[in-house]
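Notebook open, structure loaded. I want to go from the surface inwards and jot down whatever turns up.

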Amino acid sequence: MPEQRDALTELVAAHVGIGKRWSTRAFAEIAVDRDTGWSPSKSLVGKIINPDESYDITPQLVSAVAEGLGGVEFPFGAWA
């Protein structure tokens, strides 16, 4: 599995966690892969937003995160 996690961590952490749009529990409930119905657990979401944690990046995880963040508007050049 890929070792580079910074972009996914930054993306999810910008919207999930204490004082953010979603709690880890709420995000785990809405982040569901359309094709398989798979969703990350609350603890996996916690790992994703913690840059010191390790986790495997899978197609289902990327799809679920995309679904969960689907309604988020990103300003042009936010990661430039």
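Surface first. I get an exposed area of about 5,200 Å² for the protein chain, with carbon and sulfur atoms supplying 52% of it. Worth keeping in mind that this is a predicted model. Buried residues come to 32% of the 80 residues in the chain.

Fold next. I count four helices and zero strands, and from the N terminus the order reads α-α-α-α. I also looked at how far contacts reach along the sequence: taking those between residues at least 6 apart, 60% join residues at least 24 apart.

Then the core. Which residues have the most contacts inside the largest nonpolar core? My list is Leu8, Val12, Phe27, Ile48, Tyr55, Leu61 and Val65, out of 16 residues in that core. H1, H2, H3 and H4 each supply at least two residues of it. That fits the general habit: in soluble globular proteins, nonpolar side chains tend to be buried together.

I picked Ile48 from that list for a closer look. Leaving out residues up to four places away in sequence, Ile48 touches Leu8, Thr9, Val12, Tyr55 and Leu61.

Thr9 caught my eye there, so I followed it up. Thr9 sits in helix H1, residues 6-13. Buried or exposed, I wondered about Thr9? Thr9 is buried, at a relative accessible area of 10%, because the cut-off for buried is under 20%. With the same sequence neighbours left out, Thr9 touches Ile48, Ile49, Asn50, Pro51 and Tyr55.

Aromatics. Searching the whole structure gave me one aromatic pair. Trp22 and Phe27 make it up, 5.5 Å centre to centre with 45° between the planes, so I file the pair as tilted, since stacked needs under 30 degrees and edge-to-face over 60. Both partners came up buried when I checked them: Trp22 has 14% relative accessibility, and Phe27 has a relative accessible area of 1%.

Charges last. How many salt bridges does the structure hold? I found one. Glu67 and Arg34 meet through their side chains at 2.9 Å, N to O. The pair links distant parts of the chain, 33 residues apart: Glu67 is in helix H4 (residues 59-68), while Arg34 is in the loop between helix H2 (24-30) and helix H3 (42-49). On accessibility, I have Glu67 as partly exposed with a relative accessible area of 31%, and Arg34 as exposed with 67%.

Technical notes: Residues are numbered from 1 along each chain as its sequence is written. This is a predicted model: local features need pLDDT of at least 70, side-chain atom pairs count only at pLDDT 80 or more; totals for chains, interfaces and linings use all residues. Side-chain values use heavy atoms; hydrogens and water are left out. A salt bridge is a side-chain nitrogen of Lys or Arg within 4 Å of a carboxyl oxygen of Asp or Glu. Buried means under 20% relative accessible area, exposed over 50%, partly exposed in between (1.4 Å probe, protein chains only). Rings of Phe, Tyr and Trp (its six-membered ring) pair if their centres lie within 6.5 Å; planes under 30 degrees apart count as stacked, over 60 as edge-to-face and the rest as tilted. Contact means heavy atoms within 4.5 Å. A nonpolar core is a set of buried Ala, Val, Leu, Ile, Met, Phe, Trp, Tyr and Cys residues joined through side-chain atoms within 4.5 Å. Accessible areas come from the Shrake-Rupley method with a 1.4 Å probe; for residues, only the protein chains shown count as cover.
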